[in-house]
Amino acid sequence: MIKYGYIRKIIYFSAIDGPGNRTVIFLQGCNFNCLSCHNPETIPIFNNLNMENTEVQLMSVYDILKVLDKNKSFIRGVTISGGECTVQFEFLLDLVMNLKKHGYEVYLDTNGSLEISKFQQMLHFVDKIIFDLKVFEEKEHIKLTGASNRKVKRNIKIAAVSHQIYEIRTVVIPKFIDNYKNVDKISKFIASLDKNIQYKLTTYRQQGVRENLLKTNSPSKKQMSNLKEICNNNGLLNVIVN
Ligand code: SF4
């Protein structure tokens, strides 16, 4: 049976979603509701979408392969993002299996919340994972995203063991939590798994976010470099600020 996915958009060439030049496929729907979401239009789950009034397209794996094959020789690989790409698990699994069969390097950009057994299944067909670990303490994570982070931390541990983490990212937003404590705890957690894992501290910027955050300023360069220093002091060897 042909499976269809709800695709928000495809960017054919991106240099910020993994190594090299990549095509990025954004799947519609997310199971989190982050205060800081830069793409809130990708959150509504597809069942609730009015398909006549949206940019979301229904595409089969075959449709996607046809589109990708045109640029195959110009890209290093494909990154699948969202929304939260794992929300469409059956379609995503079919897509990654077929991308591998066609010789693509496949990365997933995920909030990490997929059920553990499904995550382990997915890892067989994916080269690397880009995780968001937004907040370390579960209570604060629920406050900022509407969801627990227990599975996120478990999945990060699983992917660390198989050396399939490309990067872990945290957006630094002033005002809502103590970023020094949060980054301190996250960087200690990552260092306990593997000091070489790349950790990216992303500076919160107002563009694209919802109104409730519009009045929040970005952290200063000094604050970001202090946070980086905390990570380095905790032993992390690959810390990026952007
Ligand atoms: S996980 Fe990503 S897409 Fe989902 S609400 Fe949070 S920031 Fe937005």
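Is lysine 118 buried, partly exposed or exposed? I looked this up before anything else. Lysine 118 is partly exposed, because its relative accessible area is 29%, and partly exposed runs between the 20% limit for buried and the 50% limit for exposed. I note that the model I am reading is predicted.

**Entry: helix α3**

I placed lysine 118 in helix α3. I then checked how far lysine 118 is from alanine 15. They are 103 residues apart in sequence and 29 Å apart in space, C-alpha to C-alpha.

Which residues of α3 are buried? The helix covers residues 116-123, and I found Ile116, Phe119, Met122 and Leu123 buried there. Looking down the axis of α3, I see these buried residues fall within an arc of 120°, so they line one face of the helix. A general rule helps me here. An α-helix has 3.6 residues a turn, so residues three or four places apart point the same way.

What covers the buried residues of α3? I listed elements that do so, including the helices α2 (89-101) and α5 (150-161). The strands β5 (106-110) and β6 (128-132) are also among them. I took α2, α5 and β6 as my next stops.

**Entry: helix α2**

I picked two residues here. Valine 96 is in helix α2, and so is leucine 93.

Valine 96 counts as buried because its relative accessibility is 0%. Leucine 93, at 8% relative accessibility, counts as buried too, since the cut-off is under 20%.

What does valine 96 touch, leaving aside neighbours within four places in sequence? I found Ile80, Val106, Leu108, Met122, Phe125 and Val126. For leucine 93, with the same neighbours set aside, I found Gln121, Met122 and Phe125. Met122 thus turns up in the contacts of valine 96 and in those of leucine 93. I had already noted Met122 as a buried residue of α3. Phe125 is likewise a contact of valine 96 and of leucine 93.

I looked up two long separations. Valine 96 and asparagine 179 lie 83 residues apart in sequence and 35 Å apart in space, C-alpha to C-alpha. Leucine 93 and isoleucine 173 are 80 residues apart along the chain, and their C-alpha atoms are separated by 33 Å.

**Entry: helix α5**

Asparagine 155 belongs to helix α5. Is asparagine 155 buried or exposed? I found it buried, because its relative accessible area is 0%. Its contacts, apart from neighbours within four places in sequence, are Gly112, Ser113, Leu114, Ile116, Phe119 and Phe131. Ile116 and Phe119 I knew from the buried residues of α3.

**Entry: strand β6**

I found aspartate 132 in strand β6. Aspartate 132 is partly exposed, because its relative accessible area is 21%, and buried requires under 20%.

Not counting residues up to four places away in sequence, aspartate 132 touches Thr110, Asn111, Val152 and Arg169. Aspartate 132 and threonine 42 are 90 residues apart in sequence, yet 16 Å apart in space, C-alpha to C-alpha.

**Entry: the ligand**

Where does the ligand sit? I found it in the largest pocket. Around the ligand I listed Cys30, Phe32, Cys34, Cys37, Ile43, Gly83, Asn111 and Lys134. Sorted by type, this shell holds five nonpolar residues, two polar and one charged. Asn111 in this shell is also one of the contacts of aspartate 132.

Gly83 made me look again. Glycine 83 lies in the loop between β4 (77-81) and α2. The peptide bond from glycine 82 to glycine 83 is cis, with omega near 15°.

**Entry: backbone exceptions**

Most residues other than glycine have a negative phi, and most peptide bonds are trans. The bond into glycine 83 is cis. I then looked up positive phi values.

Histidine 163 has a positive phi of about 55°, although it is not a glycine. I placed histidine 163 in the loop between α5 and β7 (165-172). Histidine 163 is exposed, because its relative accessible area is 55%.

Lysine 175 also has a positive phi, about 90°, and is not a glycine. I found lysine 175 in the loop between β7 and α6 (179-193). Lysine 175 is exposed, with a relative accessible area of 62%.

Key
Residues numbered from 1 in each chain as written. Predicted model: local features only at pLDDT ≥ 70, side-chain atom pairs only at ≥ 80, totals over all residues. Heavy atoms only, no water. Near = heavy atom within 4 Å. 1 Å grid on protein atoms, 1.4 Å probe; cavity = no way out; pocket = protein on both sides within 12 Å on 5 of 7 lines; lining within 4 Å. Sits in = over half its atoms within 2 Å of the grid points. Nonpolar A, V, L, I, M, F, W, Y, C, P; charged D, E, K, R; others polar. Buried < 20%, exposed > 50% of the residue type's maximum accessible area, 1.4 Å probe, protein only. Helix = DSSP H or I, 4+ residues; strand = E, 2+ residues; numbered from the N terminus. Arc of directions from axis to C-beta. Contact = heavy atoms within 4.5 Å.
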